[in-house]
Amino acid sequence: MGITVRTILHQYKQVVLTIFVLIVLSDIVFFKTESDVMLFVTLASYVGCILYYKLSSAATFRLSLLVLGVMSVAFIATGTSVITERAAVWLFFLILTGIVQQIKE
Amino acid sequence: MVIIIALVLFFMPFYWLPAGTVDLGGDGGRLYFYDPIHLAQHFGTYSLWPQGTGPVGAAFSRLPFFHFIAMMSRVISDMHTLAAIHSGIKLAGGFLSVFAIIRLLSGGTSVAAILGGLLYLFNPAMTENYIRALPSHDQVFLNPLMAYLLLKFFLSGKMRFAVIAIGVSVLFAHVYSYTSAPSFFAFYPLAVLFAFCYAIWIKRVRIGWLRVMWAMILFISVHAFHFVPEFFDLIDASNRTTSRVFNASDAAEQLTYFVSVLPIPKVSLRWFAASAWMPSIAWSVVVPFVIVCGFLLARRPKRTMTLAGLFALVTLFFSTAKVSDAAVGLYKQFFLFIPGFSMFRNFYGQWQFVFFFFYSILFSLSASSILPRVGRLAVGTSIGVGLLLIVRVIPFLNGSLVNQKNHLSDTRVAIAMDPTYTETLSFIRTLPTDGKILVLPFTDCCYEVVHGTNDGAYVGKSPVGYLTGKHDFAGYDEIMPFSDTFWRLSREKNYQGIKKLLGILNIRYVFYNSDPRVYDATFPSYPYDYARKHLPDSQEGYREFVDRIATTRLYSVGTFELYETERHSYLPLFYSAAAVLPYKDDPRLSEYAKAEAFFEIPQNNIHDVYMEQNDVLSKNAVASSPEITYHQISPVKYKVTVSAATEPYLLVMLMRFNEGWKVYSDMVQLAGNSHVRVNGYANAWYITPGATRMQNSYELIVELDKQRLFHTGLAVSVATAVVSLIMGALVYGNNSKNHSSPV
């Protein structure tokens, strides 16, 4: 059973990572929540993915770029709204994660 | 290119305000551009603040800067030019220092360093605070300059960088005083840590710890002239700042303040280095894009960028607090459990300077990663980004951000000072030393409003107190514990009561500015919002008010008038009490209303004093009332002549109570255990014949012993400076000999 899960995770690596990206974007755009639970659970899961898939800091910074794009669009459209601020918080933690990865690299 | 940019930045402030005008106002009070000589003489030289009842406190850190400006003013008499030079140094000095740091850290292109310098200067923190600038605003150029010298010192081990840094720090000692503690503690620990990490982790340099220790000793020693008195101020529990920062219940109050201002900073605006007033604010999105792309495009992980990124994120947290609820919770714990952390109650304003310093470095390092990768587009990209950074802050560049109107008034902050006001201050300096001054119209806090010869007005700390050597009461804050009493008596039009109050406060003069442009419709609310509800709400009303509380007009030029109060209700600075009137304090009364507990208790004699009945001395009868005269040696030292003192008596001094005031007879301290508070605020000593060796007539010295701390510290500072100069000359001489000797 465990081996099957690991195989699935390896086989569907892009899907798993895409899901994470979608969760992050959903948290920013749709949920408009300021809940730490969502933030830290998702972040912890992403850190788990980094360790499991041995992702480089570049992957994290690419995700940061995407979040930055969302933040920029939201800022231009809505100013310092809840969406913009939430994206800013995600950007903070993603860049922090990327920097920690760089230190390890 | 760099020099051209620096020159443009230096001369830019000359065109912000109209010629002949300067912004003097605000809490910081930039009166050193108006009259630095008298400011140094009357404000920075004594352990006594000029306002109100004479609170004891050190302001010596400002002396070097005041004297420097005073020296400059002998060469450049125009205050507009002086102020513009000061702002120009901040801009050009800040830019050059950041440029130098980035070249040192990255060794990369000058273009990236220029962009970093521009971002540093043109972010909200650096652009929004030139108007009514506080003394701590000098950190705009001091922070990067000191960071650069610190890096050079750590990397090279050469003492000359430490000596230059310490020399500059003395000139701007006010940035290193405890009043500027928030900006100091926000920046320097992190700057030192950054320099340390860079030297050890990245450059793998061995740090000469002995030299670091010597540099610290040198820094502390040369700053002793203000560190020593400030240290003793800090450990004085009665000091308001100390209480606010270190007292647990006061710290909890500051936490409440923190929570109330928490919504103000926005994390997204920090990322964009933007503020709402910026036109074309949308272009600010390029700033974080450069940073993230820099991380992405760096050929290999760059440790310097990693380090700068870490520090930028840490300071982003400190300057916003809102990077998650957990982060806010953690921040609150800092207030409750880290002693002194409550000094950061205005965290978003205090930490933003540090954040933008590290953010600019990170931005520049990122740009230096990107530019080599874009090949031929590098020039266009650089110019484009540079223009975006500049276009955003056009209101700052053209002076619109600085040349503004006073709050809720049509008058401008830039004032061309009225020469008749200067003449009036000169007259006030000639008044006898005894007697304080009530300044009208009265303000809510502590400000005085003076209209200029242009459309500008000064709204700031009262120059009457700061520039004449007299103590003045310009607002509600300064007249405590009689603040609420004064409001009440004014509302009730109880002029006899007001005269009694003025007498108890040793107020002998009333300074009245009858100019309708400093009150009436020109300032319909601030800074008179509350004062108007209790005192006359027009200059016409004030005319009658002044006529009822003062008698003799001593001076009148233009709209400035000076009156003397009634002789029979006036109390001199020193006198002997006729009787003690005990009263019970009401703990429900605020510090502004404490006088309500005793003021209405009738006196048989104006020399009767009010004393809290818990004080053991309140039960001692005052047996006699000898004749008292006095002579001022300095504002903190008086010679008091006592005649016909055959019985115990209570010597009263109408300055704010502080244990630092001591009485000496033949260099022996008297009445050390019977120094009490009377009249809610003043000093009194119970002196017995035995203490004065049964003499009837004698001289006493009443002195503020805290002034000696300044003299001690000054001696240490001067000795350190002299020894350092001699040692520096010897080292230089030795080095010259070594270089010129044949091999």
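Here are four short exercises on the structure above, each with a worked solution.

This is a predicted model, in which local features need pLDDT of at least 70 and side-chain atom pairs count only at pLDDT 80 or more, while totals for chains, interfaces and linings use all residues. Residues are numbered from 1 along each chain as its sequence is written, chains are lettered from A and ligands numbered from 1 in the order in which they are written, and side-chain values use heavy atoms, leaving out hydrogens and water.

**Exercise 1.** Find the salt bridge partner of Asp27(A) and place both residues.

Solution. Start with the term: a salt bridge is a side-chain nitrogen of Lys or Arg within 4 Å of a carboxyl oxygen of Asp or Glu. Asp27(A) pairs with Arg86(A), with 2.9 Å between the closest N and O atoms. Next, locate them: Asp27(A) sits in helix H2 (residues 13-31) of chain A and Arg86(A) in helix H5 (residues 82-104) of chain A, 59 residues apart. Helices (H or I, at least four residues) and strands (E, at least two) are DSSP runs, numbered from the N terminus. Finally, both Asp27(A) and Arg86(A) are buried; buried means under 20% relative accessible area, exposed over 50%, and partly exposed in between (1.4 Å probe, protein chains only).

**Exercise 2.** Work out why the pair Asp35(B) and Arg429(B) ties together parts of chain B that are apart in sequence.

Solution. First, the closest N and O atoms of this salt bridge are 3.2 Å apart. Asp35(B) belongs to the loop between strand E1 (22-23) and helix H2 (36-42) of chain B, and Arg429(B) to helix H21 (residues 419-429) of chain B, so the bridge links parts 394 residues apart in sequence. Then check the cover: Asp35(B) is buried at 14% relative accessibility, whereas Arg429(B), at 21%, is partly exposed.

**Exercise 3.** Decide whether Arg567(B) is buried or exposed, and do the same for Glu564(B).

Solution. The two side chains form a salt bridge, 3.3 Å from N to O. Arg567(B) has 63% relative accessibility, so it counts as exposed. Glu564(B) has 8%, so it counts as buried.

**Exercise 4.** Describe the surroundings of Asn658(B).

Solution. Begin with the backbone: Asn658(B) lies in the loop between strand E15 (649-656) and strand E16 (661-665) of chain B. Its relative accessibility is 8%, so Asn658(B) is buried. Lastly, leaving aside neighbours within four places in sequence, Asn658(B) is in contact (heavy atoms within 4.5 Å) with Val56(B), Asp236(B), His675(B), Asn683(B) and Lys706(B).
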